[in-house]
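Open the model in your viewer and keep a selection tool at hand. The tour goes from stop to stop, with something to select at each.

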Amino acid sequence: MKTAAARALRATTVRDVMRMQMVTVVPEMTLPELAQTLLESGVRSAPVLAPTGKILGVASQTELVRLSAGSGAAPERLRVRDVMGPVGPTIAPDEPLPRLVRRFVRERVQRALVVENGILLGIVTPIDVLTAIDEAH
């Protein structure tokens with residue numbers, strides 16, 4: 001039996017649940033600055049943006065820890081551009097929410113960046129989806 005809440009969620013798009021405010025960093029940022037930004041913000045990773053808003057990659061705590069475990073390079077000399085990883089999963093803002101949920105489940109994705117024409121618009125996590133379900137119920 002389909003409930004009104006389930007029907008409402010099927011009609012929901014990624015744009016409806018994405019968060020537009022997020023922590024972002026720039027490629028020129030030093031690694032100590034990145035570490036401080038991630039710690040102060042309470043996030044594990046941040047999209048790396050060009051001045052145009054185009055997403056270039058993702059900088060993460062994992063990369064910082066890996067480097068500290070044995071790179072030998074002085075962290076203050078390295079920049080985010082030197083350690084950022086690939087962009088990872090993205091989704092268009094007008095995609096149906098159920099499509100994103102399937103990706104979360106099948107690909108075990110913890111976040112999806114919402115991108116349109118190479119420009120970062122927002123981010124969606126499973127918690128955002130759960131919040132939308134709770135509000136629709």
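In which helix is Ile133 found? Select residues 126–136: this is helix H7, and Ile133 is in it. Helices (H or I, at least four residues) and strands (E, at least two) are DSSP runs, numbered from the N terminus.

Before going on, note that this is a predicted model, in which local features need pLDDT of at least 70 and side-chain atom pairs count only at pLDDT 80 or more, while totals for chains, interfaces and linings use all residues. Residues are numbered from 1 along each chain as its sequence is written, and side-chain values use heavy atoms, with hydrogens and water left out.

**The patch with Ile133**

Stay on Ile133, which is partly exposed at a relative accessible area of 38%. The classes are buried (under 20% relative accessible area), exposed (over 50%) and partly exposed (in between), with a 1.4 Å probe and protein chains only. Add Ile127 and Leu130 to the selection: with Ile133 they form a nonpolar surface patch of about 290 Å² accessible area together. Patches consist of residues with over 30% relative accessible area and no salt bridge; like charges are joined within 9 Å, and nonpolar side chains (Val, Leu, Ile, Met, Phe, Trp, Tyr) within 5 Å. A salt bridge here is a side-chain nitrogen of Lys or Arg within 4 Å of a carboxyl oxygen of Asp or Glu. Areas come from the Shrake-Rupley method with a 1.4 Å probe, and for residues only the protein chains shown count as cover.

**The whole chain**

Zoom out to the protein chain, which has seven helices and five strands. Read from the N terminus, the order is α-α-α-β-β-α-α-β-α-β-β-α. Of its 137 residues, 36% are buried. The chain exposes about 8400 Å², and carbon and sulfur atoms supply 54% of that.

**The hairpin of E1 and E2**

Select 45–49, strand E1, where five of five residues are buried. Then add 55–60, strand E2, the place of Ser60. E1 and E2 pair in the antiparallel sense over five bridges; pairing requires that DSSP finds at least two bridges between two strands. One bridge to display joins Val48 to Gly57 in E2. The two strands form a hairpin with five residues between them, and Gly53 in the turn has a positive phi of about 95°.

Is Ser60 buried or exposed? With a relative accessible area of 16%, Ser60 is buried. Leaving aside residues up to four places away in sequence, Ser60 touches Leu38, Arg44 and Ser45, where contact means heavy atoms within 4.5 Å.

**Helix H6 and what follows**

Next, select Leu97, Leu100 and Phe104, which are buried in H6. Viewed down the axis of H6, its buried residues fall within an arc of 60°, so they line one face of the helix. The arc is taken over the directions from the helix axis to the C-beta atoms. An α-helix has 3.6 residues a turn, so residues three or four places apart point the same way. Turn to the face of H6 away from its buried side to find the exposed residues Val105 and Arg106.

Step on to Arg108, in the loop between H6 (97–107) and strand E4 (112–116). Phi of Arg108 is near 55°, a positive value in a residue other than glycine. Its relative accessibility is 70%, so Arg108 counts as exposed.

For the last stop, select Asn117, in the loop between E4 and strand E5 (119–124). Asn117 also has a positive phi, near 55°, and is exposed at a relative accessible area of 78%.
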